[in-house]
There are 2 protein chains.
Amino acid sequence: MNSRITPEQTAFTQTELANLPSRKRARLINSLSGYKSANLIGTQNQQGQTNLAVVSSVVHLGSSPALFAMVMRPHTVRRDTLENIRETGVWTQNAICQGMLAQAHQTSAAYPRELSEFEAVGLTAAYYPNFLAPYVVESPLQLGFRCVEITPIKHNQTELVIGEMQWVKFPSSALQKDGYLDLASFGTAAISGLDAYHVPSAPQRFAYAELDKKARLLPPTGTEE
Amino acid sequence: MNSRITPEQTAFTQTELANLPSRKRARLINSLSGYKSANLIGTQNQQGQTNLAVVSSVVHLGSSPALFAMVMRPHTVRRDTLENIRETGVWTQNAICQGMLAQAHQTSAAYPRELSEFEAVGLTAAYYPNFLAPYVVESPLQLGFRCVEITPIKHNQTELVIGEMQWVKFPSSALQKDGYLDLASFGTAAISGLDAYHVPSAPQRFAYAELDKKARLLPPTGTEE
(Lines give C-alpha, C1' and ligand atoms only; values in the text may rest on other atoms or scores of the structure.)
Protein backbone atom coordinates (compact mmCIF):
# COMPACT_ATOMS: atom_id res chain seq x y z
CA MET A 1 0.00 0.00 0.00
CA ASN A 2 1.27 3.43 -0.91
CA SER A 3 0.93 5.68 2.11
CA ARG A 4 -0.28 8.50 -0.11
CA ILE A 5 -3.47 6.61 -0.97
CA THR A 6 -5.49 7.06 2.20
CA PRO A 7 -8.17 4.39 2.55
CA GLU A 8 -11.70 5.34 3.61
CA GLN A 9 -11.79 5.52 7.39
CA THR A 10 -14.35 4.78 10.08
CA ALA A 11 -14.18 6.78 13.33
CA PHE A 12 -15.38 5.74 16.79
CA THR A 13 -15.65 8.07 19.76
CA GLN A 14 -15.04 6.93 23.32
CA THR A 15 -18.80 6.61 23.84
CA GLU A 16 -19.28 4.61 20.67
CA LEU A 17 -16.50 2.23 21.75
CA ALA A 18 -18.07 1.83 25.19
CA ASN A 19 -21.43 1.00 23.63
CA LEU A 20 -20.16 -1.90 21.50
CA PRO A 21 -21.16 -5.43 22.62
CA SER A 22 -18.46 -6.55 25.05
CA ARG A 23 -16.82 -9.35 23.00
CA LYS A 24 -16.82 -7.26 19.85
CA ARG A 25 -15.32 -4.34 21.80
CA ALA A 26 -12.64 -6.62 23.29
CA ARG A 27 -11.66 -7.91 19.84
CA LEU A 28 -11.46 -4.41 18.38
CA ILE A 29 -9.57 -2.77 21.26
CA ASN A 30 -7.13 -5.69 21.42
CA SER A 31 -6.48 -5.25 17.69
CA LEU A 32 -5.79 -1.52 17.99
CA SER A 33 -2.61 -1.91 20.04
CA GLY A 34 -0.82 -3.36 17.01
CA TYR A 35 1.29 -6.50 16.69
CA LYS A 36 2.19 -8.19 19.97
CA SER A 37 4.90 -10.53 21.13
CA ALA A 38 3.68 -14.17 21.10
CA ASN A 39 4.88 -16.13 24.11
CA LEU A 40 4.12 -19.13 26.24
CA ILE A 41 4.83 -18.40 29.89
CA GLY A 42 5.96 -21.49 31.82
CA THR A 43 5.52 -21.71 35.61
CA GLN A 44 4.94 -24.24 38.35
CA ASN A 45 3.66 -24.15 41.91
CA GLN A 46 5.57 -25.31 44.99
CA GLN A 47 4.27 -28.85 44.49
CA GLY A 48 5.78 -28.93 40.98
CA GLN A 49 2.46 -28.74 39.10
CA THR A 50 3.34 -27.05 35.79
CA ASN A 51 1.38 -24.45 33.84
CA LEU A 52 1.64 -22.86 30.38
CA ALA A 53 -0.22 -19.74 29.24
CA VAL A 54 -0.20 -17.58 26.12
CA VAL A 55 0.86 -14.05 27.09
CA SER A 56 0.93 -11.32 24.44
CA SER A 57 1.70 -8.38 26.74
CA VAL A 58 5.47 -8.76 27.18
CA VAL A 59 7.25 -5.41 26.97
CA HIS A 60 10.94 -4.45 27.18
CA LEU A 61 11.77 -2.15 30.12
CA GLY A 62 15.54 -2.01 29.97
CA SER A 63 18.72 -3.74 28.85
CA SER A 64 21.11 -3.06 31.75
CA PRO A 65 19.97 -4.93 33.70
CA ALA A 66 17.75 -6.85 31.26
CA LEU A 67 14.21 -6.23 32.51
CA PHE A 68 10.93 -7.25 30.85
CA ALA A 69 7.39 -6.76 32.11
CA MET A 70 4.08 -8.43 31.36
CA VAL A 71 0.52 -7.41 32.18
CA MET A 72 -1.57 -9.79 34.29
CA ARG A 73 -5.26 -9.31 34.80
CA PRO A 74 -7.27 -10.50 37.76
CA HIS A 75 -10.07 -13.00 37.11
CA THR A 76 -8.60 -14.56 33.99
CA VAL A 77 -7.34 -18.08 33.35
CA ARG A 78 -3.85 -16.62 33.52
CA ARG A 79 -4.28 -16.17 37.25
CA ASP A 80 -2.55 -19.55 37.72
CA THR A 81 0.54 -18.04 36.16
CA LEU A 82 0.58 -15.13 38.60
CA GLU A 83 -0.05 -17.37 41.62
CA ASN A 84 2.81 -19.63 40.58
CA ILE A 85 5.13 -16.64 40.15
CA ARG A 86 4.21 -15.44 43.63
CA GLU A 87 5.04 -18.91 44.98
CA THR A 88 8.31 -19.63 43.19
CA GLY A 89 9.49 -16.18 42.03
CA VAL A 90 10.41 -17.35 38.53
CA TRP A 91 9.00 -17.99 35.05
CA THR A 92 10.12 -18.86 31.55
CA GLN A 93 9.20 -17.01 28.37
CA ASN A 94 9.10 -19.19 25.27
CA ALA A 95 8.62 -17.67 21.80
CA ILE A 96 5.64 -19.11 19.91
CA CYS A 97 6.88 -20.12 16.47
CA GLN A 98 5.59 -21.58 13.23
CA GLY A 99 4.85 -25.28 13.70
CA MET A 100 3.51 -24.85 17.24
CA LEU A 101 0.75 -22.24 16.71
CA ALA A 102 -2.17 -24.64 17.23
CA GLN A 103 -0.64 -26.19 20.36
CA ALA A 104 0.20 -22.80 21.81
CA HIS A 105 -3.30 -21.44 21.23
CA GLN A 106 -4.87 -24.59 22.71
CA THR A 107 -3.18 -23.87 26.07
CA SER A 108 -5.80 -21.12 26.52
CA ALA A 109 -8.59 -23.69 27.01
CA ALA A 110 -9.89 -23.79 30.60
CA TYR A 111 -7.98 -26.87 31.73
CA PRO A 112 -8.45 -27.89 35.39
CA ARG A 113 -5.54 -26.79 37.53
CA GLU A 114 -4.38 -30.35 38.18
CA LEU A 115 -3.87 -30.97 34.44
CA SER A 116 -0.72 -29.40 33.01
CA GLU A 117 -1.13 -27.59 29.72
CA PHE A 118 2.17 -29.18 28.65
CA GLU A 119 0.53 -32.59 28.82
CA ALA A 120 -2.86 -31.44 27.52
CA VAL A 121 -1.49 -29.95 24.29
CA GLY A 122 1.59 -32.15 23.79
CA LEU A 123 4.47 -29.79 24.48
CA THR A 124 7.59 -30.88 26.36
CA ALA A 125 8.75 -29.40 29.68
CA ALA A 126 12.44 -29.22 30.54
CA TYR A 127 14.47 -27.36 33.17
CA TYR A 128 17.45 -25.04 33.07
CA PRO A 129 19.92 -25.90 35.88
CA ASN A 130 18.80 -24.61 39.31
CA PHE A 131 15.74 -22.87 37.85
CA LEU A 132 12.29 -23.85 39.15
CA ALA A 133 10.09 -23.05 36.14
CA PRO A 134 9.71 -25.31 33.11
CA TYR A 135 10.62 -24.15 29.62
CA VAL A 136 9.12 -25.37 26.34
CA VAL A 137 11.54 -27.64 24.46
CA GLU A 138 9.74 -27.07 21.14
CA SER A 139 10.32 -23.29 21.28
CA PRO A 140 13.63 -22.20 19.72
CA LEU A 141 13.87 -19.08 21.95
CA GLN A 142 13.62 -19.64 25.71
CA LEU A 143 14.27 -17.16 28.50
CA GLY A 144 14.31 -17.43 32.29
CA PHE A 145 13.14 -14.58 34.55
CA ARG A 146 13.24 -13.86 38.28
CA CYS A 147 10.45 -11.61 39.57
CA VAL A 148 11.79 -8.33 40.98
CA GLU A 149 8.65 -6.21 41.28
CA ILE A 150 4.87 -6.48 40.89
CA THR A 151 3.43 -3.02 40.26
CA PRO A 152 -0.33 -2.50 40.51
CA ILE A 153 -1.99 -0.35 37.84
CA LYS A 154 -4.43 1.68 39.89
CA HIS A 155 -6.72 2.55 37.05
CA ASN A 156 -8.00 -0.92 36.17
CA GLN A 157 -6.72 -3.46 38.73
CA THR A 158 -4.20 -5.06 36.40
CA GLU A 159 -0.69 -5.81 37.62
CA LEU A 160 2.63 -5.34 35.91
CA VAL A 161 4.90 -8.29 36.63
CA ILE A 162 8.54 -7.29 36.21
CA GLY A 163 11.35 -9.77 35.80
CA GLU A 164 15.11 -9.71 35.47
CA MET A 165 16.49 -12.02 32.81
CA GLN A 166 18.51 -14.88 34.30
CA TRP A 167 19.40 -16.84 31.18
CA VAL A 168 18.48 -17.14 27.51
CA LYS A 169 18.81 -19.80 24.82
CA PHE A 170 18.35 -19.03 21.13
CA PRO A 171 19.27 -20.51 17.74
CA SER A 172 22.99 -19.88 17.20
CA SER A 173 22.52 -19.01 13.53
CA ALA A 174 20.05 -16.19 14.33
CA LEU A 175 22.55 -13.99 16.20
CA GLN A 176 23.97 -11.23 14.00
CA LYS A 177 27.42 -9.79 14.62
CA ASP A 178 26.05 -6.52 16.04
CA GLY A 179 23.82 -8.29 18.57
CA TYR A 180 20.52 -8.24 16.63
CA LEU A 181 18.68 -11.55 16.86
CA ASP A 182 16.89 -12.42 13.61
CA LEU A 183 13.50 -13.59 14.94
CA ALA A 184 12.17 -14.19 11.44
CA SER A 185 14.95 -16.70 10.67
CA PHE A 186 13.39 -19.22 13.08
CA GLY A 187 9.72 -18.56 12.39
CA THR A 188 8.80 -16.43 15.42
CA ALA A 189 5.11 -15.48 15.50
CA ALA A 190 3.36 -12.22 16.38
CA ILE A 191 -0.20 -11.93 17.70
CA SER A 192 -2.88 -9.46 16.67
CA GLY A 193 -6.22 -9.07 18.40
CA LEU A 194 -7.23 -11.96 20.65
CA ASP A 195 -6.83 -14.94 18.35
CA ALA A 196 -4.71 -14.12 15.28
CA TYR A 197 -1.15 -15.30 14.66
CA HIS A 198 1.26 -13.99 12.03
CA VAL A 199 4.72 -15.27 11.06
CA PRO A 200 6.58 -12.21 9.72
CA SER A 201 9.21 -12.54 7.02
CA ALA A 202 12.69 -11.03 6.90
CA PRO A 203 13.25 -7.63 8.51
CA GLN A 204 14.14 -4.33 6.89
CA ARG A 205 16.84 -2.88 9.13
CA PHE A 206 17.56 0.86 9.18
CA ALA A 207 20.83 2.53 10.15
CA TYR A 208 20.88 4.80 13.21
CA ALA A 209 18.98 7.92 12.13
CA GLU A 210 21.12 11.05 11.67
CA LEU A 211 20.32 14.69 11.06
CA ASP A 212 20.61 15.83 7.44
CA LYS A 213 20.85 12.27 6.15
CA LYS A 214 18.11 10.21 4.58
CA ALA A 215 17.04 6.96 6.24
CA ARG A 216 19.36 4.21 5.00
CA LEU A 217 18.82 0.43 5.00
CA LEU A 218 21.32 -1.86 6.73
CA PRO A 219 22.17 -5.37 5.60
CA PRO A 220 20.32 -7.98 7.74
CA THR A 221 23.62 -8.81 9.43
CA GLY A 222 23.77 -5.26 10.79
CA THR A 223 26.71 -2.98 11.39
CA GLU A 224 30.37 -3.91 11.79
CA GLU A 225 30.85 -2.63 15.34
CA MET B 1 10.32 -24.59 10.28
CA ASN B 2 9.02 -27.78 11.82
CA SER B 3 9.02 -27.37 15.58
CA ARG B 4 10.35 -30.89 15.92
CA ILE B 5 13.64 -29.94 14.32
CA THR B 6 15.33 -28.04 17.12
CA PRO B 7 18.08 -25.78 15.82
CA GLU B 8 21.44 -25.64 17.56
CA GLN B 9 21.19 -23.19 20.44
CA THR B 10 23.51 -20.72 22.13
CA ALA B 11 22.97 -19.97 25.84
CA PHE B 12 23.87 -16.82 27.77
CA THR B 13 23.78 -16.51 31.54
CA GLN B 14 22.89 -13.26 33.30
CA THR B 15 26.59 -12.54 33.82
CA GLU B 16 27.44 -13.21 30.19
CA LEU B 17 24.66 -10.84 29.10
CA ALA B 18 25.91 -8.15 31.49
CA ASN B 19 29.44 -8.49 30.10
CA LEU B 20 28.47 -7.84 26.45
CA PRO B 21 29.49 -4.45 24.97
CA SER B 22 26.62 -2.08 25.72
CA ARG B 23 25.27 -1.48 22.19
CA LYS B 24 25.50 -5.16 21.32
CA ARG B 25 23.72 -6.03 24.56
CA ALA B 26 21.00 -3.45 23.87
CA ARG B 27 20.40 -4.87 20.39
CA LEU B 28 20.20 -8.45 21.69
CA ILE B 29 17.98 -7.75 24.72
CA ASN B 30 15.67 -5.59 22.64
CA SER B 31 15.35 -8.47 20.14
CA LEU B 32 14.49 -11.03 22.83
CA SER B 33 11.15 -9.47 23.76
CA GLY B 34 9.71 -10.54 20.39
CA TYR B 35 7.75 -8.52 17.83
CA LYS B 36 6.61 -5.10 18.98
CA SER B 37 3.89 -2.69 18.00
CA ALA B 38 5.23 0.00 15.63
CA ASN B 39 3.84 3.44 16.37
CA LEU B 40 4.51 7.12 15.95
CA ILE B 41 3.42 9.03 19.06
CA GLY B 42 2.25 12.56 18.26
CA THR B 43 2.33 15.32 20.89
CA GLN B 44 2.75 19.06 21.23
CA ASN B 45 3.68 21.47 24.00
CA GLN B 46 1.53 24.33 25.27
CA GLN B 47 3.01 26.65 22.64
CA GLY B 48 1.84 24.28 19.88
CA GLN B 49 5.33 22.96 18.97
CA THR B 50 4.68 19.45 17.61
CA ASN B 51 6.73 16.29 18.13
CA LEU B 52 6.72 12.76 16.67
CA ALA B 53 8.56 9.76 18.13
CA VAL B 54 8.76 6.05 17.32
CA VAL B 55 7.48 4.09 20.33
CA SER B 56 7.55 0.29 20.25
CA SER B 57 6.46 -0.34 23.85
CA VAL B 58 2.69 0.10 23.56
CA VAL B 59 0.81 -2.56 25.50
CA HIS B 60 -2.91 -3.26 25.96
CA LEU B 61 -4.10 -2.98 29.58
CA GLY B 62 -7.84 -3.32 29.22
CA SER B 63 -10.84 -2.94 26.93
CA SER B 64 -13.51 -1.55 29.28
CA PRO B 65 -12.48 1.18 29.54
CA ALA B 66 -9.98 1.03 26.67
CA LEU B 67 -6.59 1.54 28.33
CA PHE B 68 -3.15 1.29 26.74
CA ALA B 69 0.24 1.90 28.31
CA MET B 70 3.67 2.74 26.95
CA VAL B 71 7.10 2.68 28.55
CA MET B 72 9.06 5.94 28.70
CA ARG B 73 12.69 6.08 29.71
CA PRO B 74 14.44 9.02 31.26
CA HIS B 75 17.37 10.52 29.36
CA THR B 76 16.26 9.49 25.88
CA VAL B 77 15.22 11.61 22.92
CA ARG B 78 11.67 10.53 23.70
CA ARG B 79 11.75 12.76 26.78
CA ASP B 80 10.08 15.48 24.65
CA THR B 81 7.09 13.18 24.26
CA LEU B 82 6.73 12.71 28.00
CA GLU B 83 7.14 16.42 28.75
CA ASN B 84 4.49 17.26 26.18
CA ILE B 85 2.12 14.70 27.67
CA ARG B 86 2.66 16.22 31.11
CA GLU B 87 1.84 19.66 29.67
CA THR B 88 -1.22 18.85 27.56
CA GLY B 89 -2.43 15.50 28.95
CA VAL B 90 -2.97 13.94 25.53
CA TRP B 91 -1.22 12.10 22.68
CA THR B 92 -1.95 10.32 19.44
CA GLN B 93 -0.82 6.83 18.47
CA ASN B 94 -0.34 6.33 14.74
CA ALA B 95 0.39 2.87 13.29
CA ILE B 96 3.58 2.75 11.22
CA CYS B 97 2.70 1.12 7.91
CA GLN B 98 4.34 0.02 4.68
CA GLY B 99 5.17 3.09 2.57
CA MET B 100 6.18 5.22 5.59
CA LEU B 101 8.88 3.05 7.21
CA ALA B 102 11.81 5.26 6.24
CA GLN B 103 10.07 8.47 7.32
CA ALA B 104 8.95 6.94 10.60
CA HIS B 105 12.45 5.68 11.43
CA GLN B 106 13.99 9.05 10.52
CA THR B 107 11.96 10.75 13.30
CA SER B 108 14.42 9.13 15.73
CA ALA B 109 17.26 11.45 14.61
CA ALA B 110 18.21 14.00 17.28
CA TYR B 111 16.33 16.97 15.84
CA PRO B 112 16.51 20.19 17.86
CA ARG B 113 13.37 20.75 19.89
CA GLU B 114 12.28 23.75 17.83
CA LEU B 115 12.15 21.67 14.64
CA SER B 116 9.08 19.43 14.38
CA GLU B 117 9.73 15.87 13.24
CA PHE B 118 6.59 16.19 11.08
CA GLU B 119 8.35 18.87 9.05
CA ALA B 120 11.79 17.27 9.18
CA VAL B 121 10.68 13.93 7.71
CA GLY B 122 7.74 15.11 5.58
CA LEU B 123 4.72 13.72 7.39
CA THR B 124 1.48 15.69 7.73
CA ALA B 125 -0.03 16.82 11.05
CA ALA B 126 -3.80 17.14 11.46
CA TYR B 127 -6.13 17.49 14.44
CA TYR B 128 -9.16 15.60 15.67
CA PRO B 129 -11.85 18.05 16.90
CA ASN B 130 -11.11 19.47 20.38
CA PHE B 131 -7.99 17.32 20.79
CA LEU B 132 -4.63 19.05 21.39
CA ALA B 133 -2.22 16.50 19.94
CA PRO B 134 -1.46 16.12 16.24
CA TYR B 135 -2.09 12.86 14.41
CA VAL B 136 -0.25 11.59 11.31
CA VAL B 137 -2.40 11.89 8.19
CA GLU B 138 -0.30 9.28 6.32
CA SER B 139 -1.04 6.58 8.95
CA PRO B 140 -4.23 4.60 8.22
CA LEU B 141 -4.79 3.81 11.94
CA GLN B 142 -4.86 6.79 14.33
CA LEU B 143 -5.87 6.83 17.99
CA GLY B 144 -6.26 9.60 20.56
CA PHE B 145 -5.40 9.10 24.25
CA ARG B 146 -5.87 11.11 27.44
CA CYS B 147 -3.32 10.42 30.16
CA VAL B 148 -4.90 8.94 33.30
CA GLU B 149 -1.87 7.69 35.26
CA ILE B 150 1.92 7.76 35.14
CA THR B 151 3.29 4.85 37.16
CA PRO B 152 6.98 4.78 38.04
CA ILE B 153 8.82 1.46 37.70
CA LYS B 154 10.97 1.46 40.81
CA HIS B 155 13.46 -1.04 39.54
CA ASN B 156 14.95 0.97 36.67
CA GLN B 157 13.54 4.51 36.69
CA THR B 158 11.32 4.02 33.67
CA GLU B 159 7.73 5.25 33.73
CA LEU B 160 4.58 3.63 32.49
CA VAL B 161 2.37 6.20 30.81
CA ILE B 162 -1.26 5.04 30.83
CA GLY B 163 -3.93 6.49 28.59
CA GLU B 164 -7.63 6.09 28.04
CA MET B 165 -8.67 5.91 24.40
CA GLN B 166 -10.71 8.95 23.36
CA TRP B 167 -11.22 8.24 19.67
CA VAL B 168 -9.95 6.00 16.89
CA LYS B 169 -9.95 6.12 13.10
CA PHE B 170 -9.16 3.05 10.97
CA PRO B 171 -9.71 1.81 7.42
CA SER B 172 -13.38 0.83 7.11
CA SER B 173 -12.61 -2.28 5.06
CA ALA B 174 -10.34 -3.72 7.79
CA LEU B 175 -13.09 -4.14 10.42
CA GLN B 176 -14.40 -7.72 10.55
CA LYS B 177 -17.94 -8.48 11.65
CA ASP B 178 -16.84 -9.87 15.03
CA GLY B 179 -14.78 -6.77 15.90
CA TYR B 180 -11.31 -8.00 14.82
CA LEU B 181 -9.37 -5.34 12.91
CA ASP B 182 -7.27 -6.84 10.11
CA LEU B 183 -3.97 -4.97 10.61
CA ALA B 184 -2.30 -6.86 7.77
CA SER B 185 -4.89 -5.64 5.25
CA PHE B 186 -3.48 -2.10 5.45
CA GLY B 187 0.21 -2.92 5.73
CA THR B 188 0.76 -2.38 9.47
CA ALA B 189 4.39 -2.89 10.52
CA ALA B 190 5.92 -4.62 13.53
CA ILE B 191 9.33 -3.80 15.03
CA SER B 192 12.01 -6.22 16.20
CA GLY B 193 15.15 -5.21 18.03
CA LEU B 194 16.04 -1.52 17.81
CA ASP B 195 15.98 -0.91 14.08
CA ALA B 196 14.14 -3.67 12.20
CA TYR B 197 10.69 -3.35 10.61
CA HIS B 198 8.49 -6.21 9.36
CA VAL B 199 5.19 -6.04 7.47
CA PRO B 200 3.35 -9.26 8.39
CA SER B 201 1.00 -10.96 5.94
CA ALA B 202 -2.52 -12.27 6.56
CA PRO B 203 -3.35 -13.69 10.00
CA GLN B 204 -4.19 -17.24 10.97
CA ARG B 205 -7.14 -16.89 13.35
CA PHE B 206 -8.00 -19.64 15.82
CA ALA B 207 -11.42 -20.33 17.37
CA TYR B 208 -11.82 -19.89 21.14
CA ALA B 209 -9.95 -22.87 22.66
CA GLU B 210 -12.15 -25.54 24.24
CA LEU B 211 -11.41 -28.60 26.34
CA ASP B 212 -11.41 -31.91 24.46
CA LYS B 213 -11.39 -30.18 21.07
CA LYS B 214 -8.43 -29.62 18.79
CA ALA B 215 -7.43 -26.07 17.90
CA ARG B 216 -9.51 -24.99 14.90
CA LEU B 217 -8.83 -22.20 12.39
CA LEU B 218 -11.41 -19.43 11.86
CA PRO B 219 -12.00 -17.64 8.56
CA PRO B 220 -10.27 -14.21 8.53
CA THR B 221 -13.70 -12.60 8.89
CA GLY B 222 -14.10 -14.27 12.28
CA THR B 223 -17.14 -15.65 14.00
CA GLU B 224 -20.81 -14.85 13.28
CA GLU B 225 -21.72 -13.40 16.69
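How far apart are the mean positions of the positive and negative charges of chain A? I shall answer that at once and then turn to the chain as a whole and to its partner. Please note that what we are looking at is a predicted model.

The answer is 6 Å, the chain having 19 positive and 19 negative charges. As for the outer surface, chain A exposes about 8,900 Å². Carbon and sulfur atoms supply 51% of that area.

Let me now describe how chain A is built. There are 5 helices and 15 strands in chain A. The C-alpha trace of the chain spans about 60 × 50 × 35 Å along its principal axes. Chain A comprises 225 residues, and 60% of them count as buried. We may also ask how the contacts are distributed along the sequence. Among contacts in chain A with a separation of 6 or more, 59% are accounted for by residues 24 or more positions apart.

I come next to the second copy. A turn of 180°, with a shift of 0.0 Å along the axis, lays chain B on chain A with an RMSD of 0.0 Å. Such a relation is that of a two-fold axis. The two copies use the same surface, since 100% of the contact residues of chain B recur in chain A.

Which residue of chain B comes closest to the rotation axis? That residue is Pro200(B), whose C-alpha lies at 2.3 Å from the axis.

To close, I would draw your attention again to two points: the two-fold relation between the chains, and the 6 Å between the mean positions of the positive and negative charges in chain A. Thank you.

How values were computed. Residues are numbered from 1 along each chain as its sequence is written. Chains are lettered from A and ligands numbered from 1 in the order in which they are written. This is a predicted model: local features need pLDDT of at least 70, side-chain atom pairs count only at pLDDT 80 or more; totals for chains, interfaces and linings use all residues. Side-chain values use heavy atoms; hydrogens and water are left out. Copies are superposed by least squares on the C-alpha atoms of residues with pLDDT of at least 70 in both. Contact means heavy atoms within 4.5 Å. Helices (H or I, at least four residues) and strands (E, at least two) are DSSP runs, numbered from the N terminus. Buried means under 20% relative accessible area, exposed over 50%, partly exposed in between (1.4 Å probe, protein chains only). Accessible areas come from the Shrake-Rupley method with a 1.4 Å probe; for residues, only the protein chains shown count as cover. Lys and Arg count as positive and Asp and Glu as negative; His and the chain ends are not counted. The place of a charge is taken as NZ of Lys, CZ of Arg, CG of Asp or CD of Glu.
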